[in-house]
Amino acid sequence: RRTRFPNWKVPLSTVIVGKATQRPSMIRAMSGSRDALRVLHVVESFGAGTRQVVRLIAGRLVEEGHAAAIAFGTQPETPREVGAGLDPRIELHPTPWVSRGPAAQLHAVRALRRIAREFRPSVVHLHSSFAGAVGSAALGGRYRCIYTPHAYAFQQAQLPRAVRTVFQLTEMAIARRVALVGAVGHHEAALARTAARAQRVTAIVNGIPELDHPVKPVGDRPGRPAVIAAGRAGPQRQPAATARILAAVSDLADVTWVGGASRSDGGRSALAEAGVPVTGWLHPDEVAERLRGATVYVHWSRWDGLSLGLLEALAYDVIVVASAIGPNEEVLGREQTFRHEQEAIDFLRRLLSDGALREQTRRRQRTLATRYGARRMTSEWLDAYQELAAR
């Protein structure tokens, strides 16, 4: 029960499955047939980076002959066309998870139990905090569950200490209910072991399809340099600090925030006061086009799991300047991460004024990017599911 899954190399033939778990799918798993896997993904907030990771994993599952289903909340950030671009073999199950109020959580528990009974998963993968809390309570005692935080909620330093303590205690409870915490990076795995006190942890580092192959060198874009930040202008992305950084280099480059904000976020006003244009929410293809045309991407996050936006910048040969938090340093090292705004500003101004430094930094990034492909990530998730299903 206290195994930490250090290398996921236990052969299936050595595993004995008890009577309580000898469903047909488990019997097939004992024979070594990979098509025995049936994985149910549970996602309360089916948007942004979490959605992209789930889509990649589910797509790889059905590509390899397994069964995959996604149970998701129907919230404002949920795309209208949830199935757009998804393999039609992936089952989609909308749930009454329409808010974060108590009634919605109770309805979600009932819906998840019904979906699980019908789908009969060999593994349930819970994504992010609310899915972890509700999903582990609903399914943790019945099915083998993996939980992925996608950035722990207790890292939100702007929240009162009492609130963060409640979040941490909740994460500790989730970790006890699930069979494994699957972190998206090594920094998140360390938090799982220390702050959440999880006994069974593995790190399966995020990846994207654009990095399955070596980065194609692009170099400087024609015209005036462009420096952008992107995403939701909320506390996680520190829009006020980012606005100051962008404004400080606006004499050398065109600066833009690509994204928007909710009504509760003060980020838009902070950006406007600094004179930084905000595009508002764009289609993902338009966001990618803006990123491809940039010289530098500023990723000044306060906390993260392991940012897919940062990886996308690497894939497009865009220089990244980031805040010095664990997940960003995990990808970029110390050379492109900074603890203070002025340090980032100074480095940005040097970059924008020195073509040789830009090319040197891009060459370094191309070397780093080789570790973050989607095929590697999804293969590791499939191995994790197979080992857990066979236990």
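**Two parallel sheets and their helices**

Strand E1 (residues 38–43) runs parallel to strand E4 (residues 123–127), and five bridges join the two. Leu40 is one point on this seam: Val124 of E4 stands opposite Leu40. The model is a predicted one.

Step back from this pair to the sheet around it. The sheet is open and has seven strands, with parallel pairing and the order E3-E2-E1-E4-E5-E6-E7. Its edges are strand E3 (91–95) and strand E7 (201–203), each of which pairs on one side only. From one strand to the next, the twist averages 20°. Helix H4 (residues 129–139) packs on this sheet. H4 touches E1, E4 and strand E5 (145–148). The direction of H4 makes about 145° with that of E4.

What lies in the loop between E4 and H4? Ser128 does. Its backbone deserves a look. Ser128 is not a glycine, yet it has a positive phi of about 80°. Arg197 is another such case: it has a positive phi of about 55°, and it too is not a glycine. Arg197 sits in the loop between helix H6 (186–194) and E7. E7, recall, is an edge strand of the sheet.

Now turn to the neighbours of H4. Two packed helices are described by the angle between their axes and the distance between the axes. Take helix H3 (residues 102–119) to begin with. The axes of H3 and H4 come within 9 Å and cross at roughly 60°. The pair is therefore oblique, H3 to H4. The crossing of H3 past H4 is right-handed. Which residues make the contact? H3 supplies Gln105, Ala108, Val109, Leu112, Arg113 and Ala116. H4 supplies Phe130, Val134, Gly135, Ala137, Ala138 and Leu139. By class, the contact of H3 with H4 holds nine nonpolar residues, two polar and one charged.

H3 also carries a salt bridge within itself. Side chains of opposite charge can pair when their charged atoms come close. The side chains of Glu118 and Arg114 meet in this way, at 3.7 Å from N to O. Both residues lie in H3, four residues apart, about one turn of the helix. The structure as a whole holds 18 salt bridges.

H4 has another partner in helix H5 (residues 161–177). H4 and H5 pack at an angle of about 50°, and their axes are 9 Å apart. The angle is why H4 counts as oblique to H5. H4 passes H5 in a left-handed crossing. On the H4 side, the contact is made by Ser129, Gly132, Ala133, Ser136 and Ala137. On the H5 side stand Thr170, Glu171, Ile174 and Arg177. This contact of H4 with H5 divides into three nonpolar, four polar and two charged residues. Ala137 appears in the contact with H3 and in the contact with H5.

Further along the chain comes another sheet. This sheet is open, has five strands with parallel pairing, and follows the order E9-E8-E10-E11-E12. Strand E9 (254–260) and strand E12 (337–338) are its edges, each pairing on one side only. Inside the sheet, strand E8 (residues 226–232) runs parallel to strand E10 (residues 296–299), and two bridges join them. Which residue in E10 is the bridge partner of Ile228? Tyr297 is.

Two helices lie across these strands. Helix H7 (residues 239–247) lies across E8, E9 and E10, running at about 160° to E9. Helix H9 (residues 284–292) also lies across E8, E9 and E10, and its angle to E9 is about 160°.

H7 has a helix partner as well. H7 and helix H12 (residues 341–353) pack at an angle of about 35°, with axes 9 Å apart. H7 passes H12 in a right-handed crossing. From H7, Ala241, Arg244 and Ile245 take part in the contact. They meet Glu341, Ala344, Ile345 and Leu348 of H12. Sorted by class, the contact of H7 with H12 has five nonpolar residues, no polar and two charged.

Terms used: Residues numbered from 1 in each chain as written. Predicted model: local features only at pLDDT ≥ 70, side-chain atom pairs only at ≥ 80, totals over all residues. Heavy atoms only, no water. Pairing = 2+ DSSP bridges. Axes fitted to C-alpha atoms, helices over the stretch in contact; angles between N-to-C directions. Contact = heavy atoms within 4.5 Å. Parallel < 35°, antiparallel > 145°, perpendicular 65-115°, else oblique. Left-handed = near helix turned anticlockwise from the far one by under 90°. Nonpolar A, V, L, I, M, F, W, Y, C, P; charged D, E, K, R; others polar. Salt bridge = Lys/Arg side-chain N within 4 Å of Asp/Glu carboxyl O.
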